[in-house]
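Trainee: I am new to this structure. Can we go through it together?

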Amino acid sequence: MARWGMAIDLAKCSACQACVVACQSENNIPCVPPEEARSGRILSWISLLPELEGEYPRLSMRLVPLPCLHCDNPPCILVCPVKATGINAEGTVHQIYPRCIGCRYCTTGCPYTRRMFNWYKPEFPGDLALALNPDVSVRPKGVVEKCTLCHHRLMQAREEAKAAKRPLAEGDYLPACAEVCPSGAITFGDLDDPASAVAQLARNPRAFRLLEDLGTKPKVFHLAEGEWSGGRGNQT
Ligand code: SF4
């Protein structure tokens, strides 16, 4: 049984947001109107969050890609009163949309703000409806949604491996964000396989887990750039 995890190398990430667009397209996430976006009401399962370093006026900023971290000890699950969210045998934290009553306790429980309340009635006018991914549901207004590690891709990869009469191999299953990253900053795979690329990166001295002191045990690792000297990003 695999335990799916991810490593995001901040030394390679150029903050191009290809992962954000790929996730939006793959998972039928609607684009909100511009006036709502200007108010910060953007629906997105993976975001590039700004991290500031230094003291004013010598501030540096970099952008850190942040999907749901699929914590091994997820606080979001504990607070759901209707059991609309859970963690499966492979460690992926899922959301059961028909059960969700939109109370948003889980969005408060997540210390990484990685859950999105779908306040927007999804609209895909004209030909946009033809571009929807048939393997992913279009969620109704009023539910909380989040990254699934493109679980539908795992199902498809399993079927293909079964048809070829072979076990699932490393690289058969990649979420859209990992597949599209042009700089190869996102590595995905089985953390329980010591030979996998992601497990090796998780043991890298540059690897760290966000807010580790909380005990949430994220399965998404970030790799620090090394000594941050303000060489990239905005500076004032
Ligand atoms: Fe839950 Fe947030 Fe952890 Fe994802 S990152 S498993 S939403 S606590």
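Some questions on cysteines, the ligand and a sheet follow.

Mentor: This is a predicted model: local features need pLDDT of at least 70, side-chain atom pairs count only at pLDDT 80 or more, and totals for chains, interfaces and linings use all residues. Residues are numbered from 1 along each chain as its sequence is written, and side-chain values use heavy atoms, with hydrogens and water left out.

Trainee: How many disulfides does a search of the whole structure find?

Mentor: A disulfide is a pair of cysteine sulfur atoms within 2.5 Å. Cysteine 150 is in none; the nearest cysteine sulfur, that of cysteine 23, is 6.3 Å away. For the whole structure, the search returns zero.

Trainee: Is cysteine 150 buried or exposed?

Mentor: Buried means under 20% relative accessible area, exposed over 50%, partly exposed in between (1.4 Å probe, protein chains only). Cysteine 150 has 6%, so the residue is buried.

Trainee: How many of the residues in the shell around the ligand are charged?

Mentor: Residues around the ligand have a heavy atom within 4 Å of it. They include Cys68, His70, Tyr112 and Arg115. Asp, Glu, Lys and Arg count as charged; Ala, Val, Leu, Ile, Met, Phe, Trp, Tyr, Cys and Pro as nonpolar; the others, Gly among them, as polar. The shell has ten nonpolar, one polar and, for charged, one.

Trainee: Which strands stand at the edges of the open sheet?

Mentor: Strands are DSSP runs (E, at least two residues), numbered from the N terminus, and two pair if DSSP finds at least two bridges between them. The order is E8-E1-E10-E9, with mixed pairing. Each edge strand has a single partner, so one side lacks a neighbour in the sheet. The edges are E8 (186–190) and E9 (207–208).

Terms used:
Helix = DSSP H or I, 4+ residues; strand = E, 2+ residues; numbered from the N terminus.
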